[in-house]
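Biologist: Before I use any labels from this model, I would like to hear the reasoning behind them. Can we go through them one at a time?

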Amino acid sequence: MTKLAIIGGTGLTHLEGLNIIKHEQINTPYGSPSAEIVTGELNQCQIIFLARHGNPHLIAPHKINYRANLWALKQLGVEQIIAVAAVGGISRDMAPAHLAIPDQIIDYSYGRKHTFFEEEAVTHIDFTYPYNQELRSRLICAAVKADIKISPLGTYGCTQGPRLETAAEIRRMEKDGCDLVGMTGMPEAALAKELGIAYASISVVANWAAGKAEGEITMAEIERHLHKGMANTAELLKAFVGWER
Ligand code: HPA
């Protein structure tokens, strides 16, 4: 298997079942990544793990040094990334605790350092398909084999956060075609593409998006659903690496 990294999001600051081999503090021309990078064995396969929000979870989505995170992984020879991200569910089939492997992105975030091509000749990467199709297919196959229910498609809308959205913002995103809403998918996906790293995501639905259910969205609700969704995510990741072995 080519070198795989898992980026863990909210609810996944450490990976269940990972036997840790080493922690590494990596420096990059863009600064330090969110946390020490962990090398470990999952289901007898060597993988790399990075906690996107730091460990403990302290870095807000708009404050994450996405460039340092991606550069550090590239420096370690990573060729494929599975990025796990908590999201709100917009479409009817994206209920809390459900998993999706999105295939498209709409970016509503702003002011983030979103490219490596700043001071040199401008390069316009193709971003028609923001996620690596082959890696997505392999993840979907692993889910089917392990009998883990997932949605194999979906459009991920990336908002700025850290606040959640208004009901009107979610209505607009729904009209735009978004099925899921999260805060960290961009610029992560684009930076991976700029570095030539295959990138796919597991979106874990933590709550119905604003206005899609009665009442307020609470952190307690988010944590409860994430707990269940992350247990399935860990199973999926184990199945994926085992299947690839
Ligand atoms: N909106 C944006 N990001 C999120 C949400 C949400 O409702 N839930 C978890 N991450």
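Biologist: What makes Cys141 partly exposed?

Modeller: This is a predicted model, and the values are computed from it. Cys141 has a relative accessible area of 39%. Partly exposed covers the range between under 20% and over 50%, so Cys141 is called partly exposed.

Biologist: How do you know that Cys141 is in no disulfide?

Modeller: The closest cysteine sulfur to that of Cys141 is in Cys45, 16 Å away. A disulfide needs two cysteine sulfur atoms within 2.5 Å, so this pair is too far apart for a bond. The structure holds zero disulfides.

Biologist: What is the distance from Cys178 to the nearest cysteine sulfur?

Modeller: The sulfur of Cys158 is the nearest, at 10.0 Å, and Cys178 is in no disulfide.

Biologist: Why is Cys178 called buried?

Modeller: Its relative accessibility is 2%. The label requires a value under 20%, so Cys178 counts as buried.

Biologist: Now the ligand. Which residues are around the ligand?

Modeller: The shell consists of Ala86, Val87, Gly88, Leu164, Glu165, Val181, Gly182, Met183 and Asn207. A residue belongs there if one of its heavy atoms lies within 4 Å of the ligand.

Biologist: Which strands supply at least two residues of that shell?

Modeller: They are β5 (80–89) and β10 (180–182). With three residues, β5 gives the most.

Biologist: What makes the approach of Glu165 to the ligand a polar contact?

Modeller: A polar side-chain atom of Glu165 lies 2.8 Å from a nitrogen atom of the ligand. The cut-off for a pair of N or O atoms is 3.5 Å, so the pair qualifies. The backbone also takes part: an N or O atom of Ala86 is 3.4 Å from a ligand nitrogen, and a polar backbone atom of Gly88 lies 3.4 Å from a nitrogen atom of the ligand. The protein covers 93% of the 260 Å² of accessible area that the ligand has on its own.

Biologist: Where does the ligand sit?

Modeller: In the largest pocket. A molecule is said to sit in a pocket if more than half of its atoms lie within 2 Å of the grid points of that pocket.

Biologist: On to the backbone. How do you know which peptide bond at Pro56 is cis?

Modeller: The bond joining Asn55 and Pro56 has an omega of about 5 degrees and is cis. Pro56 is in the loop between β4 (45–51) and α1 (66–75). The peptide bond from Gly161 to Pro162 is also cis, with omega near -5 degrees, and Pro162 is found in the loop between β9 (155–158) and α3 (167–176).

Biologist: Why pick out such bonds, and positive phi values too?

Modeller: Because most peptide bonds are trans, and most residues other than glycine have a negative phi.

Biologist: What is the phi of Asn43?

Modeller: About 50 degrees, a positive value although Asn43 is not a glycine. Asn43 lies in the loop between β3 (37–42) and β4. At 28% relative accessibility, Asn43 falls between the limits of 20% and 50%, so the label is partly exposed.

Biologist: Is Ala97 buried or exposed?

Modeller: Buried: the relative accessible area of Ala97 is 10%, under the 20% limit. Ala97, in the loop between β5 and β6 (99–100), has a positive phi of about 80 degrees although it is not a glycine.

Notes:
Residues are numbered from 1 along each chain as its sequence is written. This is a predicted model: local features need pLDDT of at least 70, side-chain atom pairs count only at pLDDT 80 or more; totals for chains, interfaces and linings use all residues. Side-chain values use heavy atoms; hydrogens and water are left out. Buried means under 20% relative accessible area, exposed over 50%, partly exposed in between (1.4 Å probe, protein chains only). A polar contact is a pair of N or O atoms within 3.5 Å; within protein, one must be able to donate a hydrogen and the other to accept it, and residues adjacent in sequence count only if both atoms are side-chain atoms. Accessible areas come from the Shrake-Rupley method with a 1.4 Å probe; for residues, only the protein chains shown count as cover. On a 1 Å grid over the protein atoms alone, a cavity is a set of points where a 1.4 Å probe fits but cannot get out, and a pocket is an open set with protein on both sides within 12 Å along at least five of seven lines; lining residues have an atom within 4 Å of a point. Helices (H or I, at least four residues) and strands (E, at least two) are DSSP runs, numbered from the N terminus.
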